[in-house]
Amino acid sequence: MKILVTGATGYVGGRLVPRLEDRGFSVRAVARQPESLVGRVSANVEVVQGDVLDRESLDAALAGVDIAYYLVHSMGADGSFEDRDRTGASNFVAAAEAAGVRRIIYLGGLGRDKESLSAHLRSRHEVGRILGSTEVPLVEFRASVVIGSGSLSFELVRALVERLPFMVTPRWVGMLAQPIAIDDLLDYLVAAAELDPQPSVAYEIGGADVVSYAEIMREYALQRGINLRMLPVPVLTPYLSSLWLGLVTPLYARIGRKLIESISHSTVVVDPSARDSFPIEPVGIQEAIRRALYNEEKEFASTRWSDAVSSSGERRTWGDAAFGSRLLDSREAIVAAPAAEVFAVVEQIGGENGWYRWNFLWQLRGLLDMLAGGVGMRRGRPHPTRLRAGDTIDFWRVEKVETGRRLRLIAEMKLPGRAWLEFEVEETAAGTRLTQTAIFDPVGWFGRAYWYGLSPMHHLVFAGMLNTIKREAERRHEKLNPPLR
């Protein structure tokens with residue numbers, strides 16, 4: 001069978017693709033930016049361009065497909081995301097019906113339809129209804145929070161416990177949930193592709209334990225040997241809680257607020273039919289956390305929640321205004337080290353490695369971005385030395401990487417325009433030329449005022465960064481090649 005996976009750059013989709021390959025399926029992965037899947041999927045996976053918000057792009061993506069996974073959501077989008085979710089689901093199900101798809105498999109969220117749900121959970125349920133509104137059979141899974149290395153919920157818990165051994169906790173940490181381990185969730189998703197033909201059906205899935213977020217944090221602390229103290233307070237609103245999370249966790253305020261609004265509702269399995277229909281025995285919270293910690297310590301998470309391009313929201317943050325001519329800050333340095341060694345230093349930029357100079361100014365810019373609802377500086381980077389297209393680096397994302405030659409980052413912070421930061425290295429007779437270019441595409445007069453107003457700061461930061469990269473590359477080269485005495 002030919003299987004299509006949407007959301008292949010995301011946390012769940014990125015792990016589902018190799019699982020389906022292992023089961024012998026022919027897999028096609030669709031992404032708005034196919035280059036972001038380079039190096040993330042095997043050569044056997046067919047990668048195609050497609051966007052659920054672009055109806056025409058789905059026709060080619062779904063051609064010849066037997067089963068299609070819908071793993072797309074817009075929680076990371078700025079403002080209201082419900083219209084985007086509604087449009088995406090409507091486009092997808094219409095294209096799937098036209099292409100003769102035999103089954104759609106969808107991952108949604110737990111919660112009772114009769115309750116006053118958060119906007120996120122309400123939208124998840126509405127998407128399920130839209131996907132199930134045609135003749136194409138739908139298998140819908142409604143899941144609680146997902147526990148696994150790199151998952152949003154696990155990153156939240158880990159950051160809070162590791163950084164705040166004494167914690168003032170808002171009311172939502174006492175809400176009950178039924179967390180599911182990422183391995184069990186993937187088992188359900190794969191098993192759904194192997195079901196016999198059947199009408200549309202919705203399954204509620206969760207782990208073996210019903211626990212509160214406070215209990216999840218206590219279990220994490222126990223396994224890590226941390227003495228955790230919590231003081232509950234009832235007065236922290238979702239907005240204040242989201243700012244608090246943005247300061248101490250990898251979650252930025254916009255995502256944090258939507259997450260808190262969702263987990264302020266109980267997400268517990270009521271209908272046990274999934275346990276009767278699938279030969280899967282989900283693990284409890286203790287084992288789920290043990291596995292996540294093991295995978296974190298063994299190697300870097302294979303996917304992270306922030307990998308999805310949609311996690312950062314819309315890149316055009318100033319509506320549909322046309323972008324003006326680009327403004328540049330370009331600098332060069334000749335480095336007494338081979339190009340490969342210079343690029344290795346460039347490739348390690350950001351995250352815990354820092355930005356080579358004036359790190360406190362980068363942190364300040366991240367704080368201001370977070371307060372404005374942007375991504376801030378808490379996402380870090382997935383690996384300390386390697387980068388791939390699509391990786392996040394604090395409030396940047398890798399747009400292009402040519403190993404040993406070029407690295408281009410695109411900004412995902414709140415800006416009156418678009419911004420890139422590019423590094424190029426080139427061997428010359430005089431040494432390695434390192435070119436560092438900051439590029440800004442302003443929107444209107446305010447965009448230009450923003451750029452020129454920060455020019456003195458840019459000179460300080462960019463000049464310092466270039467000089468430090470040069471010195472660090474030369475220092476490493478001399479260490480590897482000590483002079484003869």
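Mentor: Rings of Phe, Tyr and Trp (its six-membered ring) make a pair if their centres lie within 6.5 Å; planes under 30 degrees apart count as stacked, over 60 as edge-to-face and the rest as tilted. Searching the whole structure that way turns up 15 aromatic pairs. Keep in mind that this is a predicted model, where local features need pLDDT of at least 70, side-chain atom pairs count only at pLDDT 80 or more, and totals for chains, interfaces and linings use all residues. Residues are numbered from 1 along each chain as its sequence is written, and side-chain values use heavy atoms, leaving out hydrogens and water.

Trainee: Why is the pair of Phe 440 and Trp 451 called stacked?

Mentor: Their ring centres are 5.7 Å apart and the planes meet at 10°, so the pair is stacked. The two residues sit in distant parts of the chain, eleven residues apart: Phe 440 in strand β19 (431-442) and Trp 451 in helix α14 (444-453). Helices here are DSSP runs of H or I with at least four residues, strands are runs of E with at least two, and both are numbered from the N terminus.

Trainee: Next, helices. What makes α12 oblique to α15?

Mentor: Helix α12 (339-347) and helix α15 (455-480) pack at about 125°, with their axes 9 Å apart. Angles under 35 degrees are roughly parallel, over 145 roughly antiparallel, 65 to 115 roughly perpendicular and the rest oblique, so α12 is oblique to α15. The angles run from 0 to 180 degrees between N-to-C directions, using axes fitted to C-alpha atoms, for helices over the stretch in contact.

Trainee: Which residues of α12 make that contact?

Mentor: Glu 341, Val 342, Val 345 and Val 346 do, and their partners on α15 include Ile 469 and Leu 480. Contact means heavy atoms within 4.5 Å.

Trainee: And why is α3 called roughly parallel to α4?

Mentor: The angle between helix α3 and helix α4 (119-131) is about 15°, with the axes 9 Å apart. That angle makes α3 roughly parallel to α4. Residues in the contact include Phe 92 of α3 and Ile 130 of α4.

Trainee: On to the sheets. How do you know that β3 and β11 stand at the edges?

Mentor: The open, parallel sheet has seven strands in the order β3-β2-β1-β4-β5-β6-β11. Both β3 (46-49) and β11 (201-205) have a single partner strand, so one side of each lacks a neighbour in the sheet. Neighbouring strands are turned by 20° against each other on average, direction ignored.

Trainee: What makes β5 and β6 a pair?

Mentor: Two strands pair if DSSP finds at least two bridges between them. Six bridges join β5 (103-109) to β6 (138-143), which run parallel. One match is Ile 104 with Leu 138 of β6.

Trainee: Which helices lie across this sheet?

Mentor: Among them, α1 (11-22) lies across β1, β2, β4 and β5, at about 165° to β1. Helix α3 (82-99) lies across β1, β4 and β5, at about 180° to β4.

Trainee: What makes β15 and β16 a pair?

Mentor: They are joined by two bridges in the antiparallel sense, and at least two is what pairing asks for. Ile 393 stands opposite Trp 396 there. Both strands belong to an open antiparallel sheet of six, ordered β14-β19-β18-β17-β16-β15. Its edge strands, β14 (327-335) and β15 (392-393), each pair on one side only. Helix α15 lies across β14, β18 and β19, at about 25° to β14.
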